[in-house]
Amino acid sequence: MLNHCDTRRMPDTFTINPYRGCEFGCSYCYARYTHEFMGLDGSQFERKIFLKLQGARVLLRSLDPGKIAGRNIAIGTATDPYQPAEARFFLTRQMLEVFAQARNLSLSITTKSSLVKRDIPLFRKIARNNQLQVNISLISLDEKFLADLEPKASRPQARLAALKEITEAGIRAGIFMMPILPGITDSAEDLESVVCAARRNGAHYLSSNILFLRESARKPFYEFLRRKRPDLHRRYCRSYGIRSCMPSDYQRRITTLVRALKEKYGFDRESPPVKTPEPYQPEMWNLWKPEQIGVD
Ligand code: SF4
């Protein structure tokens with residue numbers, strides 16, 4: 001259940017994905033390749049969702065606190081933990097109930113779903129003894145455009161309302177403005193509209209990243225461009241070529257622009273409320289019993 005990841009983007013992080021596949025079906029999603037591990041092709045990613053029904057039980061039995069205390073645990077890196085299946089199966093919730101029994105962990109949850117509000121009481125419980133942050137992904141306020149790009153994700157205003165409710169409940173939360181799409185969502189006005197909305201809805205932080213066009217995302221994303229922005233198809237092919245990232249001069253320009261907007265809206269003036277994890281105490285894990293988390 002816990003995968004160790006040590007890349008430049010996620011250094012020394014453990015990742016958890018309660019599902020495999022994601023019904024939200026974003027055109028740019030790079031996680032499609034994970035369906036190849038199941039012998040399926042990436043086009044099934046949003047149609048065939050696998051459930052890790054024993055996930056909470058496995059976590060409960062196999063977590064080694066000595067290895068993970070104080071290190072980052074990211075929930076929802078290759079699938080959205082609050083995609084439609086979560087409303088029926090509660091797998092993310094069961095795993096959070098396991099973490100609510102622990103201390104000194106550093107957890108983050110990333111989602112595009114307003115269903116995340118459902119677990120606010122549980123977040124409060126977790127945050128009493130752990131560091132927790134809830135990342136809401138949002139790249140634009142254009143509802144119609146996002147309905148094409150991220151067909152089943154919550155509408156922008158619903159995500160912002162969830163952000164507001166979560167921060168008002170005293171939980172650290174912010175906006176992940178990822179992926180910024182070159183020539184589509186990268187104008188100063190569009191970026192500012194998201195940064196401003198983040199601030200108005202109580203975001204504690206805002207992070208951004210430019211489209212990472214991995215091989216597995218290329219086909220669906222280029223299909224999306226051909227349907228919705230045929231004028232940009234050539235430009236993307238030229239700019240990305242066989243690489244996954246835009247050229248460095250573009251990256252520098254966007255990074256500078258976003259940094260200026262964050263300063264304008266006061267994001268960099270706020271120091272994040274980070275708790276220093278206490279030293280690991282083995283007895284903290286002895287509280288866990290399967291019946292406490294409602295799994296059998
Ligand atoms: S919500 Fe995330 S995991 Fe799901 S399809 Fe979109 S990018 Fe992929």
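These legends describe close-up views of a predicted model.

**View 1. The shell around the ligand.** Several residues surrounding the ligand come from an early stretch of the chain, including Cys-22, Phe-24, Gly-25, Cys-26, Cys-29 and Ala-31. Thr-79, Asp-80, Lys-112, Glu-150 and Ala-153 also belong to the shell. By class, the shell holds 6 nonpolar, 2 polar and 3 charged residues.

**View 2. Cys-22, a member of the ligand shell.** Cys-22 sits in the loop between strand E3 (19–20) and strand E4 (50–51). Is Cys-22 buried or exposed? The cut-off for buried is 20 or more other C-beta atoms within 10 Å. Cys-22 has 26, so it counts as buried. Beyond its sequence neighbours up to four places away, Cys-22 touches Cys-29, Ala-31, Phe-45, Glu-46, Thr-79, Asp-80 and Gln-83. Among these contacts, Cys-29, Ala-31, Thr-79 and Asp-80 are also listed around the ligand. Gly-183 is a distant reference point: its C-alpha atom is 26 Å from that of Cys-22, with the two positions 161 residues apart along the chain.

**View 3. Gly-21, in the loop between E3 and E4.** Gly-21 is buried, because 25 other C-beta atoms lie within 10 Å. Leaving out residues up to four places away in sequence, Gly-21 touches His-35, Phe-45, Glu-46, Lys-48, Ile-49, Phe-50 and Thr-79. Phe-45, Glu-46 and Thr-79 appear in the contact lists of both Gly-21 and Cys-22. Arg-57 is 36 residues from Gly-21 in sequence. The C-alpha atoms of Gly-21 and Arg-57 are 21 Å apart.

**View 4. Parallel strands E5, E6 and E7.** Strand E5 (residues 72–75) runs parallel to strand E6 (residues 106–111), and 4 bridges join them. Ile-75 has Ile-109 of E6 as its bridge partner. On to the next pair: E6 and strand E7 (residues 131–137) are also parallel, joined by 6 bridges. Which residue of E7 is the bridge partner of Ile-109? It is Val-134. Ile-109 can thus be followed in both directions, to Ile-75 and to Val-134.

**View 5. Strand E8 and its partners E7 and E9.** E7 and E8 pair in the parallel sense over 5 bridges. Gln-133 is bridged to Arg-172 in E8. E8 is also parallel to strand E9 (residues 206–210), with 4 bridges between them. Here Ile-175 is bridged to Leu-206 of E9. Why is E8 (residues 172–180) described as largely enclosed by the rest of the structure? The reason is burial: 8 of its 9 residues are buried. Pro-179 is located in E8. The peptide bond leading from Met-178 to Pro-179 is cis, with omega near -5 degrees.

**View 6. The largest nonpolar core.** This core has 68 residues. Phe-99 and Ile-175 have the most contacts inside it. Setting aside neighbours within four places in sequence, Phe-99 contacts Leu-105, Leu-107, Ile-126 and Asn-130. Ile-175 ties this view to the previous one through its bridge to Leu-206 in E9.

**View 7. Helix H9 (residues 215–228).** H9 has 14 residues, which at 1.5 Å a residue should span 20 Å. Its end C-alpha atoms are 20 Å apart, so the expected and computed spans agree. Which residues of H9 are buried? They are Ala-217, Phe-221 and Leu-225. An α-helix has 3.6 residues a turn, so residues three or four places apart point the same way. The buried residues of H9 pack against helix H10 (230–240).

**View 8. Positive phi at Phe-90 and Asn-104.** Phe-90 is not a glycine, yet its phi is positive, about 55 degrees. Phe-90 lies in the loop between helix H3 (84–89) and helix H4 (91–99). With 18 other C-beta atoms within 10 Å, Phe-90 is partly exposed. Asn-104, also not a glycine, has a positive phi of about 65 degrees. Asn-104 is in the loop between H4 and E6. It is partly exposed, with 19 other C-beta atoms within 10 Å.

**View 9. Asp-142, in the loop between E7 and helix H6 (143–149).** Asp-142 is partly exposed, with 15 other C-beta atoms within 10 Å. Arg-155 is 13 residues away along the chain, and the two C-alpha atoms are separated by 9.1 Å.

Key
Residues are numbered from 1 along each chain as its sequence is written. This is a predicted model: local features need pLDDT of at least 70, side-chain atom pairs count only at pLDDT 80 or more; totals for chains, interfaces and linings use all residues. A residue is near a molecule or strand if its C-beta atom, placed from the backbone, lies within 6 Å of it. Ala, Val, Leu, Ile, Met, Phe, Trp, Tyr, Cys and Pro count as nonpolar, Asp, Glu, Lys and Arg as charged, and the others, Gly among them, as polar. Helices (H or I, at least four residues) and strands (E, at least two) are DSSP runs, numbered from the N terminus. A residue is buried if 20 or more other C-beta atoms lie within 10 Å of its own, exposed if 12 or fewer, and partly exposed in between; C-beta atoms are placed from the backbone. Two residues are in contact if their C-beta atoms, placed from the backbone, lie within 7 Å. A nonpolar core is a set of buried Ala, Val, Leu, Ile, Met, Phe, Trp, Tyr and Cys residues joined through C-beta atoms within 7 Å. The expected span of a helix is 1.5 Å times one less than its number of residues. Two strands pair if DSSP finds at least two bridges between them.
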